[in-house]
Amino acid sequence: MNRSMSVRVVVKAANVSAQHILYKPAEWLVRRSSSVGEHAFFKPSELDWIPRVEAGWTAIRDELLVVLRERERIPNFQEVSSEQTRITQDNKWKTYWLYAYGRKMADNCRSCPETTRLIEAIPAIKTAFFSILAPRKHIPEHRGPYAGVLRYHLGLIVPRQKEACRIRVGSEMAHWEEGKSLVFDDTYLHEVWNDTDEERVVLFVDFARPLPFPVSLLNEAMIRILSRSGYVQEIVENVRDWNRQAGTATTG
């Protein structure tokens, strides 16, 4: 699943160029026009689809537990996206992908039908995966690629010492709770700690930031450009390779 160093350099250079030329001006506009304002964290009550997802959280967790039976075969994040080597190099952050910027990982979704049904009802969903954080894992400060999406976490498995498993977004701190939601802007600098001896798993979703027309059209166009970038293509190819090695290989 590892790509050559030359390909990684090209992918990184393309991402940096696109961010400065295209995404920075677009980010200014979408933040200024945001229907939910501009914050580090957002109130879940501002998004009417969240109660439906939370109501199905135990069904999602049940499908996750089946996935985790073969935990050792789930790829590390940096094995799926080489960009992540900036923030993780060990085997303590694994990801099981369902969607990657609109690209459906059909076999993984087929293995998690109820999860797929619930996430596909989220308006303007772009990315979804199970984010599996091992005990004593620290994710250093970083930011996401584009402010035109917001990030949603649904707590599925949370350590008993939940305050010791936490996320900082900007200057604000929060922790996960099972069956409860966090919504934040991942283009704020953020950092994660699991300072416990237990695993933490969330359903990780990116969805298009709510925006008025016609800014929403511009935002969708920017997200489509990102979905065709080397950054996303690498994720799709690596998940396909992983599924092929596991005996399946289909993307929608």
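1. How many bridges pair strand 2 and strand 3? The answer is two, and the pairing is antiparallel. These two strands form a hairpin, with two residues between them. Y101 sits in that turn and has a positive phi of about 45°. Across the pair, Y99 stands opposite K104 of strand 3. Please keep in mind that this is a predicted model.

2. Overall make-up. The chain has 252 residues, and 53% of them are buried. Its secondary structure comes to eight helices and eleven strands. Take the contacts with a separation of 6 or more: 78% of them join residues 24 or more positions apart.

3. The sheet. Seven strands form an open sheet with antiparallel pairing. The order to follow on screen is 1-9-6-11-4-2-3. Strand 1 (41-42) and strand 3 (103-104) are the edge strands. Each has a single partner strand, so one side of each has no neighbour in the sheet.

4. Strand 2. This strand covers residues 93-100. Is it mostly covered or open? It is mostly covered, with eight of its eight residues buried. Besides strand 3, strand 2 pairs with strand 4, again in the antiparallel sense, over six bridges. One pair to look up is Y96 with its bridge partner F130 in strand 4. Y96 also turns up in the pocket described in point 7.

5. Strands 6 and 11. Strand 6 takes in residues 149-157, and strand 11 takes in residues 200-208. The two pair in the antiparallel sense over eight bridges. Within this pairing, H153 has F204 of strand 11 as its bridge partner.

6. Helices on the sheet. Two helices deserve a look here. Helix 3 lies across strand 2, strand 4, strand 6 and strand 11. Its angle to strand 6 is about 75°. Helix 8 lies across strand 2 and strand 3. Helix 8 runs at about 105° to strand 2. Strand 2 therefore has both helix 3 and helix 8 lying across it.7. The second largest pocket. About 310 Å³ of space lies in this pocket. Its lining counts 16 residues. Which of them are closest to its centre? They are E70, R73, Y96, S111 and W242. Helix 3 (57-67), helix 5 (106-111) and helix 8 (230-246) each give two or more residues to the lining. By class, the lining is mixed: seven nonpolar, four polar and five charged residues.

8. The cavity. The structure holds one cavity of 30 Å³ or more. The space in this largest cavity is about 30 Å³. Its lining is made of V36, F42, K43, E46, L47, L150 and P210. Five of the lining residues are nonpolar and two are charged, with no polar residue.

9. R61. This residue lies in helix 3. R61 is partly exposed, at a relative accessible area of 25%. Set aside its neighbours within four places in sequence, and R61 is in contact with L156 and E178. R61 and I157 are 96 residues apart in sequence, yet their C-alpha atoms are 7.8 Å apart in space.

10. Backbone points to check. The peptide bond from F213 to P214 is cis, with omega near 5°. P214 belongs to the loop between strand 11 and helix 7 (215-227). A124 is not a glycine, but it has a positive phi of about 60°. A124 is found in the loop between helix 6 (113-119) and strand 4. At 33% relative accessibility, A124 counts as partly exposed. R136 is another non-glycine residue with a positive phi, near 65°. R136 lies in the loop between strand 4 and strand 5 (137-142). With a relative accessible area of 46%, R136 is also partly exposed.

Notes:
Residues are numbered from 1 along each chain as its sequence is written. This is a predicted model: local features need pLDDT of at least 70, side-chain atom pairs count only at pLDDT 80 or more; totals for chains, interfaces and linings use all residues. Side-chain values use heavy atoms; hydrogens and water are left out. On a 1 Å grid over the protein atoms alone, a cavity is a set of points where a 1.4 Å probe fits but cannot get out, and a pocket is an open set with protein on both sides within 12 Å along at least five of seven lines; lining residues have an atom within 4 Å of a point. Grid points are joined across faces, edges and corners, and a volume is the space filled by probe spheres set on the points. Helices (H or I, at least four residues) and strands (E, at least two) are DSSP runs, numbered from the N terminus. Ala, Val, Leu, Ile, Met, Phe, Trp, Tyr, Cys and Pro count as nonpolar, Asp, Glu, Lys and Arg as charged, and the others, Gly among them, as polar. Two strands pair if DSSP finds at least two bridges between them. Contact means heavy atoms within 4.5 Å. Axes are lines fitted to C-alpha atoms, for helices over the stretch in contact, and angles run from 0 to 180 degrees between N-to-C directions. Buried means under 20% relative accessible area, exposed over 50%, partly exposed in between (1.4 Å probe, protein chains only).
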